[in-house]
Amino acid sequence: FAAGAAGVGVGIAGVAGWVRRCHKRWAQTPIEKMHEVFHSMIRSKSPCVQRTERGPHRAITASQLQDIYGFYSADYIKKRTMHYVYANLVMPLTSGERVSYAEFAGPHEVEWFVSHCWATEFA
């Protein structure tokens, strides 16, 4: 009886784990689902995170900036500021791997440095 009860306990634990994983997937918000798709799109271009020292080797290209803007602009960026973009798009994408957006997207050497005010529209 004890061996049968142990088997049932393992079976119940396995089912409970499966339910938790499925619930997490089903319970994703629309923006979390978008992050998952964007993450896959970036990984298809840059298969792994490239950790890079801070400095001129940790930059993104205009094309990489356009990738995030083009992907999220219609539904999430609209007329929002860089404060929103950073907190709601960049951080969720990069926090799991604890990297910068440049490392996440594939770092490049700086050719031009462009500064901007985070309080203005991202577009």
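**Close-up views: a pocket and a helix crossing**

**View 1. Helices around the largest pocket.** Helix 3 (62-77), helix 4 (82-94) and helix 5 (101-105) each put at least two residues into the lining of the largest pocket. Helix 4 chips in the most, with six residues. Keep in mind that this is a predicted model.

**View 2. The middle of the largest pocket.** Here we zoom in on the space itself, which has a volume of about 1300 Å³. The lining runs to 37 residues, and the closest to the pocket's centre are Ala 59, Ile 60, Leu 65, Val 114 and His 116.

**View 3. What the lining of the largest pocket is made of.** Sorted by class, the lining residues come out as 22 nonpolar, ten polar and five charged.

**View 4. Helix 2 passing helix 4.** Helix 4, the top contributor to the pocket lining, also meets helix 2 (residues 30-45): their axes come within 9 Å and cross at roughly 60°. Why call the pair oblique? An angle of roughly 60° is neither under 35 degrees nor in the 65 to 115 range, so helix 2 counts as oblique to helix 4. The crossing is right-handed.

**View 5. Side by side at the crossing.** Which residues make the contact between helix 2 and helix 4? From helix 2 come Ile 31, His 35, Phe 38 and His 39. Helix 4 answers with Tyr 84, Asn 88, Leu 89, Pro 92 and Leu 93. By class, that contact has six nonpolar and three polar residues, with no charged ones.

Conventions. Residues numbered from 1 in each chain as written. Predicted model: local features only at pLDDT ≥ 70, side-chain atom pairs only at ≥ 80, totals over all residues. Heavy atoms only, no water. 1 Å grid on protein atoms, 1.4 Å probe; cavity = no way out; pocket = protein on both sides within 12 Å on 5 of 7 lines; lining within 4 Å. Points joined across faces, edges and corners; volume = space filled by probe spheres on them. Helix = DSSP H or I, 4+ residues; strand = E, 2+ residues; numbered from the N terminus. Nonpolar A, V, L, I, M, F, W, Y, C, P; charged D, E, K, R; others polar. Axes fitted to C-alpha atoms, helices over the stretch in contact; angles between N-to-C directions. Parallel < 35°, antiparallel > 145°, perpendicular 65-115°, else oblique. Left-handed = near helix turned anticlockwise from the far one by under 90°. Contact = heavy atoms within 4.5 Å.
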